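User: Please take a close look at how the domains of this chain are arranged and where the ligand sits. I would like one connected account.

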Amino acid sequence: MAIVEGVGARHAALKMLDSVLRQGRTLDAAAQDSRGLAPADQGLAIAIAGEALRRLPDLDALIDSATQRPLPDDSKARMVLRLALAQKIGLGTPDHALVATALPLIDGGPRRLVHGVLGTLLRKGMPALEAPRLPDPVEQRWTKAWGEEVVLAARRQIAQRPPLDLSFADDSAAQSYATEHGGVSLAPRHVRLKETAAVPGLAGFGDGGWWVQDLAASLPARLIPAEAAEVLDLCAAPGGKTMQLAAAGHRVTAVDASKNRLARIRENLQRTKLSANVVPVDALTWAPGRSFEGILLDAPCSATGTFRRHPEVIYRARPKVIAGSAELQAKLLNRAANWLNPGGALVYSVCSLEYDEGEAIVTAFLSDHPDFRLDRPTDLPAFVVPDAAGRIRILPGLLDDQGGLDGFFAARLVRLPD
Ligand SMILES: C[S@@+](CC[C@H](N)C(=O)[O-])C[C@H]1O[C@@H](n2cnc3c(N)ncnc32)[C@H](O)[C@@H]1O
């Protein structure tokens, strides 16, 4: 049989989708398995699997509308159909290329069935799916926590590519960069670019005056008081917040347990010519042997707030995973509290849209720590409005007309003076 061009990339996409959905891996981790492919094919495979993950419930409904009996959820036929439809809707791949690259993936399987379903759906015409549904458990959880409007905004966001945000060490450099490169600055030391070219190719990359960081992710470090000289950045890699803290003039101790991710901090600090004391340890067993005026705990979490760039997070964040994360977050926060000076500020943050990883963690912490109180921020960009208790919750829908933000939670906890 002749080898059809482009099948290699589709085959890799199939393995990626399968490995994300069945093994709960990240798309980045799953993509490592296809390192042997040419970079363009690997990029295409990631794009195809990503497009499928952005629209899975609606793609499944389309597939079910064209079969007499529903195909099993993890069957190869369903996976191949998901990928083919995702290419049509998300990437505009021509019909003949879709069919020609889909069928060879069904070796020994129901090729006629897949061919028939594809033919039926392509003849009918595909919906644009500009606001695709999220998986039911996610929609139910987020509706309960944040309301229907937020879920509708999340549906709109998941179909789009987010803009690229840069954080700058220096605000005047940010403002000049925005003017010179057609960006917009939505906060001090921030520039948003519409063009998302490969990052190392962007102007000024080699100079190290900026780094990539979603605007929402830049908020927690902005909560560390300027006067805190010694700051502990706990769970610091790959170092976006470490660089913010170092650029703001704090002396930073940056702790992380992951050797690979710590290497990224070191590279980032080197490129930006910023400095921090990088400590490779597990914060659950390590103790600093001293205390700090400021601590930032950007805890490991389900990362559901990053679904615009990593659509697989909403499939990985099962209730058990969220509960496990919450347990770890509470442990890390309780430990960090011991290392804060009286009068100091402990900022807790997660890039999660889960109440149980944000508000619930801080509520439980405060009830166990009468020597701490929530400190309502007044020093953030005007679009950030703390909730009634003084916590920051960034939800889908905020700054929608400017390209939106990642979902995030942050709270500043102040230790009462002795
Ligand atoms: C959300 S990421 C941090 C992102 C980082 N603050 C930034 O702005 O670039 C969470 C980090 O926690 C680290 N981590 C998880 N468990 C840890 C532990 N027990 N001790 C130290 N670091 C841990 C992970 O390796 C990961 O790098």
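Analyst: In this predicted model, the chain is divided into three parts: domain 1 covers residues 7–124, domain 2 covers 162–212 and domain 3 covers 215–415. Between domain 2 and domain 3, the C-alpha centres lie 22 Å apart. Their contact draws 11 residues from domain 2 and 17 residues from domain 3. On the domain 2 side, strand 1 (164–168) and strand 2 (190–193) each contribute at least two residues to the surface that touches domain 3. That side of domain 2 comprises, by class, 6 nonpolar, 3 polar and 2 charged residues.

Within the bounds of domain 1 (7–124), a pair of helices can be described in detail. Two packed helices are described by the angle between their axes and the distance between the axes. For helix 1 (residues 7–23) and helix 5 (residues 76–91), the axes come within 10 Å and cross at roughly 115°. This crossing of helix 1 and helix 5 is right-handed. Helix 1 takes part through Arg-10, Ala-13, Leu-14, Leu-17 and Asp-18, while helix 5 contributes Met-79, Val-80, Arg-82 and Leu-83. By class, the residues of this helix 1 and helix 5 contact divide into 6 nonpolar, no polar and 3 charged.

The ligand is the next topic. It is surrounded by 17 residues, of which the closest are Cys-235, Ala-257, Ser-258, Ala-283 and Asp-298. These five residue numbers fall within the bounds of domain 3, 215–415. Helix 12 (240–247) and strand 5 (251–256) each provide at least two residues of the shell around the ligand. The shell is made up of 9 nonpolar, 3 polar and 5 charged residues.

Two backbone details also belong to domain 3, given its bounds of 215–415. A cis peptide bond, with omega of about 10°, joins Ala-237 and Pro-238. Pro-238 is located in the loop between strand 4 (230–234) and helix 12, and helix 12 is one of the elements that supply the ligand shell. The other detail concerns Lys-273, which has a positive phi of about 55° although it is not a glycine. Lys-273 occupies the loop between helix 13 (259–272) and strand 6 (277–280).

For the chain as a whole, the secondary structure comes to 16 helices and 11 strands. The radius of gyration is 23 Å, close to the 22 Å that the globule rule gives for 418 residues, so the chain is as compact as a globular protein of that length. Along its principal axes, the C-alpha trace spans about 75 × 45 × 40 Å.

How values were computed
Residues numbered from 1 in each chain as written. Predicted model: local features only at pLDDT ≥ 70, side-chain atom pairs only at ≥ 80, totals over all residues. Near = placed C-beta within 6 Å. Helix = DSSP H or I, 4+ residues; strand = E, 2+ residues; numbered from the N terminus. Nonpolar A, V, L, I, M, F, W, Y, C, P; charged D, E, K, R; others polar. Domains from an automatic or database assignment. Contact = placed C-beta atoms within 7 Å. Axes fitted to C-alpha atoms, helices over the stretch in contact; angles between N-to-C directions. Left-handed = near helix turned anticlockwise from the far one by under 90°. Rg over C-alpha atoms; globule rule 2.2 N^0.38 Å.
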